[in-house]
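Here are a few short exercises on aromatic rings and their neighbours. Have a look at the structure, then try each task before reading its solution.

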Amino acid sequence: MTVTQRHPRRFIATTLSALVAASALVAAMVAPAAAVDGSTFVSTVNEYRADAGVAALRVDAAVDRIATERANQMATNDEMAHDMDYVGKRLGELGICWSMFGEIIAYNGSGSISHFVEQWYNSDGHRKIMLGTRYGVAGGSWARGDSGTYYAAMVFVDPCDSTPSSPTSSGFTDTSSSIFRSDIAWLVANDITHGCTSTRYCPKSTVTREQMASFMERATHAPVATADWFRDDNSSQHEGDINSVAQAGIASGCASLRYCPLGGVTRGQMASFLARALNLPAATRDWFRDDNGTMHEGAINRLAQAGITGGCAAGRFCPTSYVTREQMAGFLHRAFGG
């Protein structure tokens, strides 16, 4: 299965028919584990790519980690299923800027890597990902379920802006093609963002909850907190900002005494952050049909009525979709730009 970043507001997914289980896997972060034979998976795939005249892939440690998590998830559930939302979220959390990614999965009774790769090669959909010319990095892993079945996953990524352009007015080399580049420049001019590196903004990466706290603290100038609000952010460089926005009533935790700093920010959560920060009045109408009953519905309607969001499509807000860093620039500019 492949996900391409073609539209700034949503993923567009192409479903492959081969070796895809119909049932859905509930995405649950498994305990960290060392990748199993990631370099062997990639080198074996590279043999097929060489035969097809396609450039070799490079093993990426972060992508390898995601493949390991996916294999462990399937083995834990003893069920094979894609979870593209999870892969996309983890890419963002690990700071990987991407323009396209793909996942291939399989199961067998031998655990043989060559067998897994042969299965993928003999499937039209999976072979297209294996031999995809746009992919530059990959990772792979396998895990054994309680039933004795072996599950394998490989993740392929086309890093965005792999050939840096000249710096834009914002000073970043990876935003020239973004439709939000003027919003990003506004963030820089108002000292709301410092980028993901000194020269890159990582526009396609998912905004994490800790990053969101810093965005909001700088945009609102929330005062320094007088208390430590959460117990799971002590190692975060954003801890001070998290405490500031929590004390200001802008942010709430994900559970009792927990903030989940590395979790991705959904559009629904983003609406609640902004509605609280701006103290927006209650809406007089229901603006979207896909947020009914969600805990963020009121905030979403308040944001729409204030003209800060137009939704992701006609009558839809896509409240569970994750927000990218470039999209967040647009929201913040509309909310605080006057």
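**Exercise 1.** Which residue has its charged end over the ring of F331?

Solution. The model is a predicted one. A charge counts as over a ring if NZ of Lys or CZ of Arg is within 6 Å of the ring centre and within 35 degrees of the ring normal. R334 places its charged end over the ring of F331, 5.0 Å from the ring centre. Another example is R325, which lies over the face of Y201 at 4.5 Å from the centre of that ring.

**Exercise 2.** Count the aromatic pairs, then classify the one formed by W142 and Y150.

Solution. Start with the count: ring centres must lie within 6.5 Å, and this rule gives ten aromatic pairs. For W142 and Y150, the ring centres are 5.6 Å apart and the planes meet at 65 degrees. Planes over 60 degrees apart count as edge-to-face, so W142 and Y150 form an edge-to-face pair. Now add accessibility: W142 is partly exposed at 22%, whereas Y150 is buried at 18%.

**Exercise 3.** Classify the pair of F230 and Y259, and locate both residues in the chain.

Solution. The centres of F230 and Y259 are 5.2 Å apart with 45 degrees between the planes, a tilted pair. Next, find the two loops: F230 is in the one between α7 (209-220) and α8 (239-247), and Y259 is in the one between α8 and α9 (267-278). With their positions 29 residues apart, the pair links distant parts of the chain. Finally, F230 and Y259 are both buried.

**Exercise 4.** Which residues form one aromatic cluster with W120?

Solution. F41 and F116 join W120 in that cluster.

Conventions:
Residues are numbered from 1 along each chain as its sequence is written. This is a predicted model: local features need pLDDT of at least 70, side-chain atom pairs count only at pLDDT 80 or more; totals for chains, interfaces and linings use all residues. Side-chain values use heavy atoms; hydrogens and water are left out. Rings of Phe, Tyr and Trp (its six-membered ring) pair if their centres lie within 6.5 Å; planes under 30 degrees apart count as stacked, over 60 as edge-to-face and the rest as tilted. Buried means under 20% relative accessible area, exposed over 50%, partly exposed in between (1.4 Å probe, protein chains only). Helices (H or I, at least four residues) and strands (E, at least two) are DSSP runs, numbered from the N terminus.
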